[in-house]
Amino acid sequence: MDLRFSCVSSRSLAQTAHMYDISTRERALALLGQGHSLNSVSRETGISRAALRSWQTRLEPLPGITAPAPGPPADDQAYAYLLGLYLGDGCLSAHPRGTGHYLRIACADAWPGLIRLCREAMAKVRPESASSQSRRRAT
């Protein structure tokens, strides 16, 4: 049995994206204004064509969307229990979109009460986070 719990990362989307300052944007747009193609400016500067196209209509970066920091756990005892599960049979896995991490706990079917206790502890620690349970296929 494999339990997965999602936890929101406090890292903002703006911090994960490659950001260019205004002077870099202006220099790239100046090259386009001199008649250089998007492809040539992209190759010369290393800036994607999509970014160059977007700067032609909006030079200033959009404000970043920041996820709130999760803060301290809501229940210290439940957190200690989850930490023990993590240290025994767990791992942290990055979310495929880079927006956070999963706490994954592996558990044999011989311990069905452990699954229930783990889900209850996660609900106490992070009431706002969802949890899911999945079965691994026998190999």
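The exercises below, each with a worked solution, concern a predicted model of one chain.

**Exercise 1. The fold in outline**

Determine how many helices and strands the chain has and in what order they occur along the sequence.

Solution. Start with the counts: the chain contains six helices and four strands. Then read along the sequence, which gives the pattern β-α-α-α-α-α-β-β-α-β.

**Exercise 2. Burial, surface and contacts**

State what share of the residues is buried, what area the chain exposes, and what share of the contacts joins residues at least 24 apart.

Solution. First, burial: of the 139 residues in the chain, 25% are buried. Second, the surface: about 9,500 Å² is exposed, and carbon and sulfur atoms supply 54% of this area. Third, the contacts: taking those between residues at least 6 apart in sequence, 67% join residues at least 24 apart.

**Exercise 3. An aromatic pair**

Find how many aromatic pairs the whole structure holds, and classify the geometry of Y20 and W55.

Solution. A search of the whole structure returns one aromatic pair. The ring centres of Y20 and W55 are 5.4 Å apart and the ring planes stand at 75°, so the pair is edge-to-face; the cut-off for that class is over 60 degrees. Next, place the two residues. Y20 is in the loop between helix 1 (13-16) and helix 2 (22-33), while W55 is in helix 4 (residues 49-57), so the pair ties together parts 35 residues apart in sequence. Finally, check burial: both Y20 and W55 are buried.

**Exercise 4. The surroundings of R126**

Decide whether R126 is buried or exposed, and identify the backbone oxygen that its side chain reaches.

Solution. Locate the residue first: R126 sits in the loop between helix 6 (112-125) and strand 4 (131-134). The relative accessible area of R126 is 13%; buried means under 20%, so R126 is buried. Now follow the side chain of R126, which reaches the backbone oxygen of P72 at 3.3 Å. With neighbours within four places in sequence left aside, the contacts of R126 are P70, G71, P72, P73 and A74. P72 thus appears both as the residue whose backbone oxygen is reached and in the list of contacts.

**Exercise 5. A nonpolar surface patch**

Name the residues that make the nonpolar surface patch, and assign Y79 to its helix and its exposure class.

Solution. The patch is made by Y79, L83 and L87 and covers about 320 Å². Y79 belongs to helix 5 (residues 76-89). With a relative accessible area of 43%, Y79 is partly exposed, as this class lies between 20% and 50%.

Technical notes. Residues are numbered from 1 along each chain as its sequence is written. This is a predicted model: local features need pLDDT of at least 70, side-chain atom pairs count only at pLDDT 80 or more; totals for chains, interfaces and linings use all residues. Side-chain values use heavy atoms; hydrogens and water are left out. Patches are made of residues with over 30% relative accessible area and no salt bridge: like charges are joined within 9 Å, nonpolar side chains (Val, Leu, Ile, Met, Phe, Trp, Tyr) within 5 Å. Accessible areas come from the Shrake-Rupley method with a 1.4 Å probe; for residues, only the protein chains shown count as cover. A salt bridge is a side-chain nitrogen of Lys or Arg within 4 Å of a carboxyl oxygen of Asp or Glu. Helices (H or I, at least four residues) and strands (E, at least two) are DSSP runs, numbered from the N terminus. Buried means under 20% relative accessible area, exposed over 50%, partly exposed in between (1.4 Å probe, protein chains only). Contact means heavy atoms within 4.5 Å. Rings of Phe, Tyr and Trp (its six-membered ring) pair if their centres lie within 6.5 Å; planes under 30 degrees apart count as stacked, over 60 as edge-to-face and the rest as tilted. A polar contact is a pair of N or O atoms within 3.5 Å; within protein, one must be able to donate a hydrogen and the other to accept it, and residues adjacent in sequence count only if both atoms are side-chain atoms.
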